[in-house]
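Some notes for your read-through follow. Please check them against the coordinates.

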Amino acid sequence: TPIEATDYLLTESTYGNRLHKVLPDTERELVDAIKTTFKNGGNVIIPAFAVGRTQEILHELTDLSRRNLLHDLTVYVDSPMAMKATQITMKYRATLDDESRTLLKWQEANSKKITIQFTQTAEESMALNNIKRGAIIIAASGMCDAGRIKHHLRHNLSRSECSVIFTGYQAEGSLGRRLVEGAKTVTLFGEEIYVRATMHTIGGLSAHADQAALLAWLGHFKTAPKKTFIIHGESTNRDIFADKIREILHWQEIVLPNIGEIYEV
């Protein structure tokens, strides 16, 4: 929601240094990754936060199936919290926009085109390890540092026919970041795992705005804030975003706070 004035502004900068691909390109990238993996006889593993991100991915996969860009998908959501969050979403489906409600009706009428199964118990989760091909497994956490996703990585990372699709930002120091940056081995549950699976980063599906979107939102201010604090971003990203704000909006009072610093306003 655009606003026109504030005394002090705190703005995130997760993708303050880059632009996302446009949606058609993002969708093609996702479709190609899934089709190639299935052609190679492997599984697709998607780390995703249980609340919000998982539901968005299910929406996207369902829409791609409705448009016949993907066919006969079997999707496992291995997260009790994600299951509960999805149940809440369905309970209040009347609050969703027309497009989402139409998509839900299509999915219910075409359940064979995309099968979505939720696993709750530990036994159900472990049973997924027996599936060697043709499955999309979505599990938390989104940065691979905890939760059931670590078990699925343990059973699929070493298989060259499999892939891992990252749809959100991978923070410095996280297991997800090491995988994205090309780690050859990782340690899971005390075991060294060779990374042979293909990694895909689909930034266009991120919930965070890119540089252009952030600048567009800031552009609605009629006057510059007294101070703008750039937060929630790595140092390089914040530096680049601060320079862009100065260059395009001509705001000069830009602050890059460090952890523990205190500012009086």
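1. In strand S10 (residues 227-231), Ile-231 is the bridge partner of Glu-12. S10 runs parallel to strand S1 (residues 8-12), joined by five bridges. Strands here are DSSP E runs of at least two residues, helices H or I runs of at least four, numbered from the N terminus.

2. This is a predicted model: local features need pLDDT of at least 70, side-chain atom pairs count only at pLDDT 80 or more, and totals for chains, interfaces and linings use all residues. Residues are numbered from 1 along each chain as its sequence is written, and side-chain values use heavy atoms, with hydrogens and water left out.

3. Side chains alternate along S1. Leu-9 and Thr-11 point to one face and are buried (under 20% relative accessible area, 1.4 Å probe, protein chains only). Tyr-8, Leu-10 and Glu-12 point to the other face and are not buried.

4. Six strands form an open, parallel sheet, ordered S4-S3-S5-S2-S6-S9. Strands pair if DSSP finds at least two bridges between them. S4 (114-119) and S9 are the edges, each pairing on one side only. S2 and S5 share four bridges in the parallel sense. Ile-46 stands opposite Ile-138 in S5.

5. Helix H1 (residues 23-39) has 17 residues. At 1.5 Å a residue (times one less than the residue count), H1 should span 24 Å, and its end C-alpha atoms are 24 Å apart, which agrees. Its buried residues include Leu-30, Val-31 and Ile-34. Seen down the axis, the buried residues fall within an arc of 160° (directions from the axis to the C-beta atoms), so they line one face.

Conventions: Buried < 20%, exposed > 50% of the residue type's maximum accessible area, 1.4 Å probe, protein only.
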